[in-house]
Every structure is written in structure tokens, then in C-alpha cells.
Amino acid sequence: MKNFVVKTIANAGALAVAVWLLDKITLTGDSTGKKAGTLIIVALIFGFVNFLVKPFVKLLSLPLMILTLGLFTLVVNALMLLLTSWLAGKFDLSFHVEGFWTAVLGGLIISIVSWGLHVILPDED
């Protein structure tokens, strides 16, 4: 359970960095507490999407990943971020990613920051 909480907080931190760096990834709210709560919920949705949907998309796109030497992973990450944005809209959360190229750059930022946070934070259950 501790591992799940740590990974969710790391994903929320990575999402926060992407929101901070990119103007077209928006997070609105009345207060800092509401924004933080929204980030945690969006991080849970993002983790859910990455856990359930991403393996199937990666399997189906395996020939493209081999052909592009793994660069197609950026497209898969962007699609997962766009799906997270769409689901956040369905849950009436104030998180939105505007456009595919913003999602590509946002997915890259989230991957790098999330990796860095997972290296720093403990990874034990």
C-alpha cells in the first residue's frame, strides 16, 4: 500500500511540473488545496490508464516501436495523457491537455520527472 501511495504522489508531482512548464496543460481551481486534490485524483486516473490501457496499446504498436527504435513510445505516452485529460473531463475535474503535440511534450516531461522522483523516493511495500 505504501508503494501505491508513493507512486501516486510521484505521478502527481510529475503532473504538477508539466502543468507548471506548459501553458496548454491547464489545472484550474479556487484554492491551492483544491488544485492539489485535483492533481491527486488526476494522478490516480493517470496511473489507472497506464496500468490498464497502456500495455494493450504497447502490444498492438509493437511493430511501430521496433521500426522507430522505441520513439513511438512518446506517441503512446501522449495518447495516455490525452486519455487521462478526457477522463478528467468526464469526472468534471479541472485538468485539460490541449493538443497532441502538447501531450507529447507533457508525456516526456512527466516521464522524466516521474523517473527522477521514483529514484529518490522509497520503493518498498
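## Contacts along the chain

Let's start with who touches whom in this predicted model. Take the contacts between residues at least 6 apart in sequence: 74% of them join residues at least 24 apart.

## Overall build

How many helices and strands does the protein have? There are six helices and two strands. If you walk along the chain from the N terminus, you meet the elements in the order α-β-α-α-α-α-β-α.

Next, the dimensions. Along the principal axes, the C-alpha atoms fill a box of roughly 45 × 35 × 25 Å. A compact globule with 125 residues would have a radius of gyration near 14 Å, and the protein has 14 Å, so the two agree.

## Inside and outside

What share of the 125 residues counts as buried? The figure is 34%. As for the outside, the accessible surface of the protein comes to about 7700 Å². Carbon and sulfur atoms account for 73% of that surface.

## A nonpolar patch

Now look for Phe4, Val5, Ile9, Ile40 and Leu44 in the structure: these residues form a nonpolar patch on the surface. Together they have about 420 Å² of accessible area. Two elements each give two or more residues to the patch, namely helix 1 (2-21) and helix 2 (32-52). Which helix gives the most? Helix 1 does, with three residues.

Leu44 is a good residue to find for yourself, and its place is in helix 2. Why does Leu44 count as partly exposed? Its relative accessible area is 37%, and partly exposed covers the range between under 20% for buried and over 50% for exposed.

How values were computed: Residues are numbered from 1 along each chain as its sequence is written. This is a predicted model: local features need pLDDT of at least 70, side-chain atom pairs count only at pLDDT 80 or more; totals for chains, interfaces and linings use all residues. Side-chain values use heavy atoms; hydrogens and water are left out. Patches are made of residues with over 30% relative accessible area and no salt bridge: like charges are joined within 9 Å, nonpolar side chains (Val, Leu, Ile, Met, Phe, Trp, Tyr) within 5 Å. Accessible areas come from the Shrake-Rupley method with a 1.4 Å probe; for residues, only the protein chains shown count as cover. A salt bridge is a side-chain nitrogen of Lys or Arg within 4 Å of a carboxyl oxygen of Asp or Glu. Helices (H or I, at least four residues) and strands (E, at least two) are DSSP runs, numbered from the N terminus. Buried means under 20% relative accessible area, exposed over 50%, partly exposed in between (1.4 Å probe, protein chains only). The radius of gyration is taken over C-alpha atoms; the globule rule is 2.2 Å times the number of residues to the power 0.38. Contact means heavy atoms within 4.5 Å.
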